[in-house]
Amino acid sequence: MAPPSPRGMPCGPRLAAVLLLAAAAALGFGVRAGAAQLCAEYYDRTCPGVHRVVRRVLKKAHEADARIYASLTRLHFHDCFVQGCDASILLDNSSSIVSEKFATPNNNSARGYPVVDAVKAALEEACPGVVSCADILAIAAKISVELSGGPRWRVPLGRRDGTTANITAANSNLPSPFDNLTALQQKFGAVGLDATADLVALSGAHTFGRVQCRFVAPRLYNFSGTRRPDPALDQGYRALLSRRCPRGGDGSALNDLDPATPDAFDGSYYANLGARRGTLQSDQELLSTPGAPTAAIVGRFAGSQKAFFRSFAKSMIRMGNIEVLTGSQGEVRKNCRVVNGS
Ligand code: HEM
């Protein structure tokens, strides 16, 4: 076994993984070699209580905010799609940082930052300078899904935090709720994820959480500039959404993403799609686009929550590997909102 590292357990890359990643890199995928260096045991010696601490803070936050588990799951996704899972989304504006928090997909939408601060503060108490903000996001997503009734997985750890943010990439890489299937697939493929399997499994995260009317209203009143509703939307569900989001009403009013079981992480998202009750255009596209390669997987997950859970866990691990910084790259921020020493 390799000698212990002051940073955490060494995550020895296995030869097969190294070869696979080299092949992926050669094909131009955005998965850096660092992914092979993540491992579930990373903090076993340097911060053995890390999961317990995160879970405690999350449960406390959930007492005041039933939506927080969904919001934290989304934060990890919005981090990983923009220059990799490096906690760049958490950096505030400063003389050297243009914060991603104000990019269109995040502004007045991404949430949960104070809870990440609370987790970081608790971890700095327990094991100062050890657990990265990027790993906090990955652990928080995993625990959030688990506490909502979803699958469990051993989350690979050892990410380091970046020292830059990229608002331009945040604006262009993150999928829009008005994207068609081709655009969604292109954005997943661009970060090295599978444009079919990972897209369908990860979209299942819309089984919990909320959505603002401004992301739904165009489907109700003016789909793709037609001045008509989205033909792929079930009439009964359209009537319900129209009551919640009246024409010209408050764009920030909230709806459940999953009308069946709003706060539970389960497989009902796929049954909703089958009933043409996907809340976002981008959700319904997975099934309703003619000839969609994603439709068969939607059908499989609608019939088996077990299959969805297994795939979701795998896809979350894959997403968590996007362009990670490891070893001596980046840093472990002391405060997730600012680069050290600034
Ligand atoms: C496939 C492309 C995706 C699009 C276009 C998309 C878009 C959106 C939009 C527009 C919202 C509502 C935001 C708001 O109203 O402020 C939302 C919420 C959410 N998204 Fe996605 N999303 C996508 C994929 C994902 C993925 C991959 C995950 C996680 C793995 C995820 C997790 C969530 C969660 C949990 C919420 C609810 C958040 C909350 O209540 O605070 N989404 N998404």
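**Figure 1. Helices α4 and α5 are roughly perpendicular to each other.** This close-up, like the others here, comes from a predicted model. The angle between α4 (residues 113-126) and α5 is about 110°, and their axes are 11 Å apart. Angles of 65 to 115 degrees count as roughly perpendicular, and that is why the pair gets this description. As for handedness, α4 passes α5 in a right-handed crossing. On the α4 side, look for Val116, Val119 and Lys120; on the α5 side, the partners are Cys133, Ile136 and Ala140. Sorted by class, that makes five nonpolar residues and one charged residue, with no polar ones.

**Figure 2. Helix α2 packs on α4 through nonpolar residues.** Here we stay with α4 and bring in α2 (residues 50-64). The two pack at an angle of about 145°, and 9 Å separates their axes. This crossing is right-handed. From α2 come Val50, Val53, Val54, Val57 and Ala61, and they meet Val115, Ala118, Val119, Ala122, Leu123 and Ala126 of α4. The class count is easy to remember: 11 nonpolar, no polar and no charged. If Val119 rings a bell, that's fair: Val119 of α4 also takes part in the contact with α5.

**Figure 3. Helix α3 crosses α5 obliquely.** How do the axes of α3 and α5 cross? They come within 8 Å of each other, at roughly 140°. That angle makes α3 oblique to α5. The crossing is left-handed. Tyr69, Leu72, Thr73, Leu75, His76 and Asp79 are what α3 brings to the contact. From α5 come Ala134, Leu137, Ala138, Ala140, Ala141, Ser144, Val145 and Leu147. By class, the contact holds 10 nonpolar residues, three polar and one charged. Ala140 of α5 is worth a second look, since Ala140 turns up in the contact with α4 too.

**Figure 4. Two domains make up the division of this chain.** Domain 1 covers 15-174, and domain 2 covers 181-317. Between their C-alpha centres lie 23 Å. Where they touch, domain 1 puts in 21 residues and domain 2 puts in 17. Zoom in on the domain 1 side, and you'll meet two helices from the previous view: α3 and α5 (133-147) each supply at least two residues there. Which helix gives the largest share of that side? The answer is α3, with five residues. Taken by class, this side of domain 1 has 12 nonpolar, seven polar and two charged residues.

**Figure 5. The ligand lies between domain 1 and domain 2.** We place the ligand there because both domains give residues to the shell around it. In total, 26 residues surround the ligand, and the closest are Ser71, Ser109, Leu202, Ala205 and Gly209. Three elements give two or more residues to this shell: α3 (68-80), α8 (197-203) and β1 (210-212). Of the elements, α3 gives the most, with five residues. The shell is a mix by class, with 12 nonpolar, nine polar and five charged residues. So α3 is a helix to keep your eye on: besides giving the most to the ligand shell, α3 provides the largest share of the side of domain 1 that touches domain 2.

Terms used. Residues are numbered from 1 along each chain as its sequence is written. This is a predicted model: local features need pLDDT of at least 70, side-chain atom pairs count only at pLDDT 80 or more; totals for chains, interfaces and linings use all residues. A residue is near a molecule or strand if its C-beta atom, placed from the backbone, lies within 6 Å of it. Helices (H or I, at least four residues) and strands (E, at least two) are DSSP runs, numbered from the N terminus. Ala, Val, Leu, Ile, Met, Phe, Trp, Tyr, Cys and Pro count as nonpolar, Asp, Glu, Lys and Arg as charged, and the others, Gly among them, as polar. Domain bounds come from an automatic or database domain assignment. Two residues are in contact if their C-beta atoms, placed from the backbone, lie within 7 Å. Axes are lines fitted to C-alpha atoms, for helices over the stretch in contact, and angles run from 0 to 180 degrees between N-to-C directions. Angles under 35 degrees count as roughly parallel, over 145 as roughly antiparallel, 65 to 115 as roughly perpendicular and the rest as oblique. A crossing is left-handed if the near helix is turned anticlockwise from the far one by less than a right angle, and right-handed if clockwise.
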